[in-house]
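The exercises below are meant to be worked with the sequence and the coordinates open side by side. Each task is followed by a solution that goes step by step.

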Amino acid sequence: MIFLQGSEVIFKVALSLLGSHKPLILQHENLETIVDFIKNTLPNLGLVQMEKTINQVFEMDISKQLQAYEVEYHVLQEELIDSSPLSDNQRMDKLEKTNSSLRKQNLDLLEQLQVANGRIQSLEATVEKLLTSESKLKQAALALELERSALLHTVEELRRQAAELGGPRPDRTQPPPTGD
């Protein structure tokens, strides 16, 4: 995973493990017991928990969140700067940097929205196909049930007619009587 996603994956794994064990970690009263918990419990994870953690890491996209924190940091910096005297050029530079960062974040969010909309459309088409398939299968099952009912009725009718015509059916397992 390090080769695939770089060193950022170490941070992602740590976040995933801490997030999935948050309730247990919060039960501890001090840092020492938390460290003991992390040392002793996390290395003994089962295969299912490890797979869940790996899946979370692959789905995790912390770069967007870090960009949001970066924007928030710049806004806070700007508020601090506004309280201190700056030249107009310095303010303009700060505002341009913030504006550029916000534009980048806006483009990233727009890209995410487009991907999500495409996925929604794909899923809706899949749901529509599945509903159509389900409807066809229900119709086929109903037709087969009707055919089965008709065949059972026909079998009963044939049995009744056979009983009326000849009484009990001859037993075919015994040989026919000889002329002796």
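**Exercise 1.** Is Glu72 buried, partly exposed or exposed?

*Solution.* The model is a predicted one, in which local features need pLDDT of at least 70 and side-chain atom pairs count only at pLDDT 80 or more, while totals for chains, interfaces and linings use all residues. Residues are numbered from 1 along each chain as its sequence is written, and side-chain values use heavy atoms, with hydrogens and water left out.

Step 1: fix the classes, where buried means under 20% relative accessible area, exposed means over 50%, and partly exposed lies in between (1.4 Å probe, protein chains only).
Step 2: Glu72 has a relative accessible area of 46%, so Glu72 is partly exposed.
Step 3: place Glu72 in helix α6, which covers residues 62–83; helices here are DSSP runs of H or I with at least four residues, strands are runs of E with at least two, and both are numbered from the N terminus.
Step 4: relate Glu72 to Thr98, which is 26 residues away along the chain, with 9.6 Å between the two C-alpha atoms.

**Exercise 2.** Describe the surroundings of Lys64, a residue of helix α6.

*Solution.* Step 1: the relative accessibility of Lys64 is 27%, and therefore Lys64 counts as partly exposed.
Step 2: its C-alpha atom is separated by 7.8 Å from that of Gln105, although the two residues are 41 positions apart along the chain.
Step 3: with contact taken as heavy atoms within 4.5 Å, and with residues up to four places away in sequence not counted, Lys64 touches Asp108 and Gln112.

**Exercise 3.** Summarise the protein chain as a whole, beginning with its helices and strands.

*Solution.* Step 1: the chain has seven helices and zero strands, so that its elements read α-α-α-α-α-α-α from the N terminus on.
Step 2: of its 180 residues, 11% count as buried.
Step 3: among contacts with a separation of 6 or more, 65% are between residues 24 or more positions apart.
Step 4: the exposed area of the chain is about 15,400 Å², of which carbon and sulfur atoms supply 60%; accessible areas come from the Shrake-Rupley method with a 1.4 Å probe, and for residues only the protein chains shown count as cover.

**Exercise 4.** Check the length of helix α2, and then find where its buried residues lie around the axis.

*Solution.* Step 1: the expected span is 1.5 Å times one less than the number of residues, and for the 13 residues of α2 (residues 8–20) this gives 18 Å, which agrees with the 18 Å between its end C-alpha atoms.
Step 2: the buried residues of α2 are Val9, Lys12, Ser16 and Leu17.
Step 3: seen down the axis, these residues fall within an arc of 130 degrees and so line one face of the helix, the arc being that of the directions from the helix axis to the C-beta atoms.
Step 4: take Ser16 as one of them; its relative accessible area is 4%, and so Ser16 is buried.
Step 5: apart from neighbours within four places in sequence, Ser16 is in contact with Thr53, Gln56, Val57 and Met60.

**Exercise 5.** Which side chain meets that of Lys138 in a salt bridge, and how are the two residues placed in helix α7?

*Solution.* Step 1: a salt bridge is a side-chain nitrogen of Lys or Arg within 4 Å of a carboxyl oxygen of Asp or Glu, and by this rule the count comes to five.
Step 2: Lys138 meets Glu134, at 3.6 Å from N to O.
Step 3: these two residues of α7 (residues 88–166) are four residues apart, and therefore separated by about one helical turn.
Step 4: Lys138 is exposed, with 55% relative accessibility, whereas Glu134, at 38%, is partly exposed.
Step 5: compare Arg148 and Glu145, whose closest N and O atoms are 3.6 Å apart in a salt bridge; this pair is three residues apart in α7, again about one helical turn.
Step 6: a further salt bridge joins Glu156 and Arg159, at 3.5 Å from N to O, and salt bridges that share partners join Glu157, Arg160 and Glu164 into one network.
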